[in-house]
Amino acid sequence: PSLLACTTSLTRAPGDLRWLPMKRRRFLKTAGLLLTGGLATGAGAVTVARNRNSYYGGPISDHFDGLNFFNPEGKPPKGFVELLKWQLGNGKKKWPAQYPSPFSDKPPATTQGADLRVSFVGHATVLLQIAGKNILTDPVWSERCSPVTWAGPKRVNAPGIDFDDLPKIDTVLLSHNHYDHLDLITLSKLRRRDNPLIITPLGNDRILKDHDSLFQIAVGDWHDRIDLTPDFQITLEPMHHWSARGMGDRRNALWAAFVLQTPAGQIYHVGDTGFHDGINYQAVRKKYGSFRLAILPFGAFEPRDFMRYQHQNPDEAVRGHKLCGAQHTLGHHWGTFPLTNESIEDQLEALDLARQDHGISEHIFRALQPGQVWNVPVHPSTEA
């Protein structure tokens with residue numbers, strides 16, 4: 001029987017695969033995991049009937065219904081049938097097996113004063129060095145973003161910083177649990193070496209602790225604040241996305257953006273998001289004012305009818321830059337893992353066009369290659 005037929009049967013079951021023959025059970029688990037867009041692309045997921053949350057139990061709120069998290073006034077991700085139609089279609093453009101960067105970074109131990117040093121590692125992984133702190137976003141050093149090591153999207157360039165060349169990491173910002181953002185192997189390596197504080201939204205702490213009980217974690221809901229020092233705070237803010245690690249945990253854990261308030265300026269980091277009419281960008285501008293730096297995703301956006309509610313495109317990313325009041329923006333979530341239909345060149349060409357359309361200089365909204373460093377100016381450039 002087809003994978004679709006197996007999965008259709010599964011959605012009528014309570015999430016227990018024991019009624020299937022062993023060979024079919026293994027096939028369904030592996031194929032379902034690899035096809036599930038939420039695991040690598042934030043695209044779609046198998047729906048499994050269930051009546052409990054795998055990771056979190058807490059009070060009902062404006063974005064938690066007692067079982068699942070959701071985006072207020074937002075759109076849910078596409079389902080498995082739509083995902084299968086996309087995966088079996090012919091729209092994917094070929095990526096090169098290798099897309100090496102000419103850059104490689106060996107960061108200093110730290111930065112002080114007004115300096116803001118940003119090093120692009122690849123995809124959604126960025127090293128921020130500011131106000132004496134070293135902060136990593138969604139660190140992934142693994143070869144694949146996948147539930148298995150032998151299949152799934154494989155990186156086409158090496159991390160821009162060799163793991164052994166990383167300075168001591170103080171804090172990790174973990175935005176959500178898709179495999180291209182939450183890499184348990186990398187996080188455990190960081191824990192053994194530096195034991196950083198991992199800041200992450202509700203439910204993801206359970207995933208982390210189930211893998212490594214020694215993780216140091218600060219977990220929060222949207223709008224919760226974590227004080228690193230009296231003058232360095234990190235607040236979790238909404239982004240329009242979703243979560244899944246497998247076939248039965250769709251939207252069981254929360255997703256979040258982060259606002260960093262530091263002595264050297266404010267930073268707004270968004271790991272993955274749909275544009276959502278710019279609502280979240282306008283909200284953070286109203287709440288915090290302008291940002292010295294925004295870190296915004298712009299890749300993995302085609303096919304548009306499938307991705308639009310969960311992954312913004314370059315035009316929306318540039319509009320988000322303007323709406324949130326960023327003085328400078330680093331564009332990320334591009335050029336490392338082949339996740340969706342567009343090519344690497346499509347990503348860059350669309351970003352060039354968006355910057356031209358909105359009158360934003362490439363010195364203001366930048367897309368770095370892995371290993372490339374940006375010493376972000378203190379004041380906004382006049383080139384925008």
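**Entry 1: overview**

I started by counting secondary structure, and the protein chain comes to ten helices and 14 strands. A reminder to myself: this is a predicted model. I then looked up burial, and 59% of the 384 residues of the protein chain count as buried. Next I asked how far apart in sequence the contacts reach. Among contacts between residues at least 6 apart, 71% join residues at least 24 apart.

**Entry 2: α9 against α10**

I like to begin a helix pair with the two usual descriptors, the angle between the axes and the distance between them. Here I took helix α9, residues 314–323, and helix α10, residues 344–358. Their axes come within 8 Å and cross at roughly 45 degrees. That angle makes α9 oblique to α10. I also checked the hand, and α9 passes α10 in a right-handed crossing.

Which residues make the contact? From α9 I noted Pro 314, Asp 315, Val 318, Arg 319 and Lys 322. From α10 I noted Gln 347, Ala 350, Leu 351, Ala 354, Arg 355 and His 358. Sorted by class, this contact has five nonpolar, two polar and four charged residues.

**Entry 3: α7 against α9**

I stayed with α9 and turned to its meeting with helix α7, which spans residues 279–288. The axes of α7 and α9 come within 8 Å and cross at roughly 20 degrees. Angles under 35 degrees count as roughly parallel, and α7 and α9 are therefore roughly parallel to each other. The crossing of these two is right-handed.

For the contact I wrote down Tyr 281, Gln 282 and Arg 285 of α7, facing Gly 320, Lys 322 and Leu 323 of α9. By class I get two nonpolar, two polar and two charged residues for the contact of α7 with α9. Lys 322 was a familiar name by now, since α9 also uses Lys 322 in the contact with α10.

**Entry 4: the rings around Tyr 281**

Tyr 281 of α7 made me curious about aromatics, so I pulled up the ring pairs. The count comes to eleven aromatic pairs. One of them joins Tyr 268 and Tyr 281: the pair is edge-to-face, 6.1 Å centre to centre, with 90 degrees between the planes. Tyr 268 sits in strand β10 (residues 265–269) and Tyr 281 in α7, 13 residues apart, and the pair links distant parts of the chain.

Are these two tyrosines buried or exposed? Both Tyr 268 and Tyr 281 are buried. Last lookup of the day: Tyr 268 and Tyr 281 belong to one aromatic cluster together with Phe 275, Tyr 288 and Phe 291.

Conventions
Residues are numbered from 1 along each chain as its sequence is written. This is a predicted model: local features need pLDDT of at least 70, side-chain atom pairs count only at pLDDT 80 or more; totals for chains, interfaces and linings use all residues. Side-chain values use heavy atoms; hydrogens and water are left out. Axes are lines fitted to C-alpha atoms, for helices over the stretch in contact, and angles run from 0 to 180 degrees between N-to-C directions. Helices (H or I, at least four residues) and strands (E, at least two) are DSSP runs, numbered from the N terminus. Angles under 35 degrees count as roughly parallel, over 145 as roughly antiparallel, 65 to 115 as roughly perpendicular and the rest as oblique. A crossing is left-handed if the near helix is turned anticlockwise from the far one by less than a right angle, and right-handed if clockwise. Contact means heavy atoms within 4.5 Å. Ala, Val, Leu, Ile, Met, Phe, Trp, Tyr, Cys and Pro count as nonpolar, Asp, Glu, Lys and Arg as charged, and the others, Gly among them, as polar. Rings of Phe, Tyr and Trp (its six-membered ring) pair if their centres lie within 6.5 Å; planes under 30 degrees apart count as stacked, over 60 as edge-to-face and the rest as tilted. Buried means under 20% relative accessible area, exposed over 50%, partly exposed in between (1.4 Å probe, protein chains only).
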